[in-house]
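Please describe the sheet, the helix packing, the nonpolar cores and the unusual backbone sites of the structure shown here.

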Amino acid sequence: MTQPKEIDWGLMEATINKHRGETWALIPLLQEIQAVFGYIPPDSIEPISEALHLFPSQVQGVVSFYAGLSLKPKGKYVVRVCRGTACHVKGGQSILRVIKKELGLDEGETSPDYQFTLETVACLGACFLAPTMMVNSTYFGKLSPPKVTSVLNQYGKDKGEDE
Ligand code: FES
């Protein structure tokens, strides 16, 4: 089972300190924290804002605005399903239905074992492959319900696989 990493607050402080006083460095700092910890722990908002001379609401606003940043830990595999027009007309809705059923998750949810997170996006930028989905940074296109099932099985959906 993959649990989110325990937060090493010493490491968090060191990461934040690298950019102390650098108000312009908010986004690079948030990206670094996301890369190290897998998400932006809500308790880090206060020290970040203090170090960069910003209001916590400003930091919070940036975190909510950028799709790549998250205040919640995500699963080992982030499944992104396209809900754009090209995918919709090619049966994207039934693809999403199958994925929800297979993973037992709704949009925005993470499985209790932190194996999968399910998200939908406006367009994955690969409309010619509609209907599409991504698992982390890998694209899967021209999907059908059986193909979706086999993709998810590849990621250990049916095996309860560890690392
Ligand atoms: S509409 Fe689905 S990839 Fe663009």
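## Sheet

Strand 3 (residues 133–135) and strand 4 run antiparallel and are joined by three bridges. Helices (H or I, at least four residues) and strands (E, at least two) are DSSP runs, numbered from the N terminus. The model is a predicted one: local features need pLDDT of at least 70, side-chain atom pairs count only at pLDDT 80 or more, and totals for chains, interfaces and linings use all residues. Residues are numbered from 1 along each chain as its sequence is written, and side-chain values use heavy atoms, with hydrogens and water left out.

Within the pairing of strands 3 and 4, Met-134 has Tyr-139 of strand 4 as its bridge partner. The sheet as a whole is open, with four strands in the order 2-1-3-4 and mixed pairing. Two strands are taken to pair if DSSP finds at least two bridges between them. Strand 2 (116–121) and strand 4 (138–140) are the edge strands, each with a single partner strand, so one side of each is left without a neighbour in the sheet. On average, neighbouring strands of this sheet are turned by 20 degrees against each other, direction ignored.

The table lists the strand pairs with their bridges and one bridge partner pair for each.

| Strand pair | Direction | Bridges | Bridge partners, including |
|---|---|---|---|
| Strand 1 and strand 2 | parallel | six bridges | Arg-80 and Glu-119 |
| Strand 1 and strand 3 | antiparallel | three bridges | Val-79 and Val-135 |
| Strand 3 and strand 4 | antiparallel | three bridges | Met-134 and Tyr-139 |

Strand 1 is mostly covered, with five of its six residues buried. Buried means under 20% relative accessible area, exposed over 50%, and partly exposed in between (1.4 Å probe, protein chains only).

## The core at the sheet

The largest nonpolar core has 19 residues, and among these Val-79, Ile-99, Met-133, Val-135 and Val-148 touch the most other members. A nonpolar core is a set of buried Ala, Val, Leu, Ile, Met, Phe, Trp, Tyr and Cys residues joined through side-chain atoms within 4.5 Å. At least two residues of this core come from each of strand 1, helix 6 (92–103), strand 2, strand 3 and helix 7. Helix 6 gives the most, with five residues.

Which residues are in contact with Met-133, leaving aside its neighbours within four places in sequence? They are Val-79, Arg-80, Val-81, Ile-99, Leu-124, Thr-138, Tyr-139, Phe-140, Leu-143, Val-148, Val-151 and Leu-152. Contact means heavy atoms within 4.5 Å.

## The second core and helix packing

A second, separate core has 17 residues, including Leu-26, Leu-30, Ala-51 and Leu-69.

Two packed helices are described by the angle between their axes and the distance between the axes. For helix 2 (residues 26–37) and helix 4 (residues 56–65), the angle is about 65 degrees and the axes are 11 Å apart. Axes are lines fitted to C-alpha atoms, for helices over the stretch in contact, and angles run from 0 to 180 degrees between N-to-C directions. Leu-26, Ile-27 and Leu-30 of helix 2 and Val-59, Val-62 and Val-63 of helix 4 make the contact. By class, this contact has six nonpolar, no polar and no charged residues; Ala, Val, Leu, Ile, Met, Phe, Trp, Tyr, Cys and Pro count as nonpolar, Asp, Glu, Lys and Arg as charged, and the others, Gly among them, as polar.

Ile-48 lies in helix 3 and counts as buried, at 0% relative accessibility. Leaving aside neighbours within four places in sequence, Ile-48 is in contact with Ile-16, Leu-26, Leu-29, Leu-30, Ile-33 and Val-59. Ile-48 and Thr-85 are 37 residues apart in sequence, and their C-alpha atoms are 39 Å apart in space.

## Backbone sites in loops

A cis peptide bond, with omega about -10 degrees, joins Ala-130 and Pro-131. Pro-131 is found in the loop between strand 2 and strand 3.

His-53, a residue other than glycine, has a positive phi near 55 degrees. His-53 sits in the loop between helix 3 (45–51) and helix 4 and is exposed, with a relative accessible area of 60%. Tyr-114 also is not a glycine and has a positive phi of about 55 degrees. Tyr-114 lies in the loop between helix 6 and strand 2, and is partly exposed at a relative accessible area of 23%.
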